[in-house]
Amino acid sequence: ITLPASPAVGSEVHFIDSGNNLASNNLTIDRNGSNILGGASNLVVSTNSAAFTLVYANATRGWIYKDKI
């Protein structure tokens, strides 16, 4: 999944592994130029039943967890 290229502060993206498959089929979230959790790396999720929301905070922090289950 590729995050928006020019997100506005407060933009949200929700992820839910409703198929319970991420341990065998990892989800890679492409940062598309913005940081994720303050870092310049894509986010890989490999936990079955993961559900979380990323919110765009600012150019330095980039996308951060709003909630994480």
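Reader: Is Ser49 buried, partly exposed or exposed?

Author: The model is predicted, and in it Ser49 sits in the loop between β3 and β4. Its relative accessibility is 45%. Buried means under 20% and exposed means over 50%, so Ser49, at 45%, counts as partly exposed.

Reader: Which residue in the loop between β2 and β3 has a positive phi although it is not a glycine?

Author: The residue has a phi of about 55°. At 34% relative accessibility it counts as partly exposed. The residue in this loop is Leu37.

Reader: What is the phi of Ser49?

Author: Ser49 is not a glycine, yet its phi is positive. The value is about 65°.

Reader: Which element gives the most residues to the largest nonpolar core?

Author: This core has 14 residues, and Phe15, Ile29, Val45 and Phe52 touch the most other members. The elements that give two or more residues to it are β1 (12–16), β2 (27–29), β3 (43–45) and β4 (51–58). With 3 residues, the one that gives the most is β4.

Reader: Is β4 largely enclosed or largely open?

Author: β4 has 8 residues, and 6 of them are buried. Therefore, with respect to the rest of the structure, β4 is largely enclosed.

Reader: What is the bridge partner of Val13 in β4?

Author: β1 and β4 run antiparallel and are joined by 5 bridges. In β4, the partner of Val13 is Leu54.

Reader: Which residues does Val45 touch, not counting those up to four places away in sequence?

Author: Val45 is among the core residues that touch the most other members. Leaving out residues up to four places away in sequence, its contacts are Leu22, Asn26, Leu27, Ile29, Ala50 and Phe52.

How values were computed
Residues numbered from 1 in each chain as written. Predicted model: local features only at pLDDT ≥ 70, side-chain atom pairs only at ≥ 80, totals over all residues. Heavy atoms only, no water. Core = buried A, V, L, I, M, F, W, Y, C linked by side-chain atoms within 4.5 Å. Buried < 20%, exposed > 50% of the residue type's maximum accessible area, 1.4 Å probe, protein only. Helix = DSSP H or I, 4+ residues; strand = E, 2+ residues; numbered from the N terminus. Contact = heavy atoms within 4.5 Å. Pairing = 2+ DSSP bridges.
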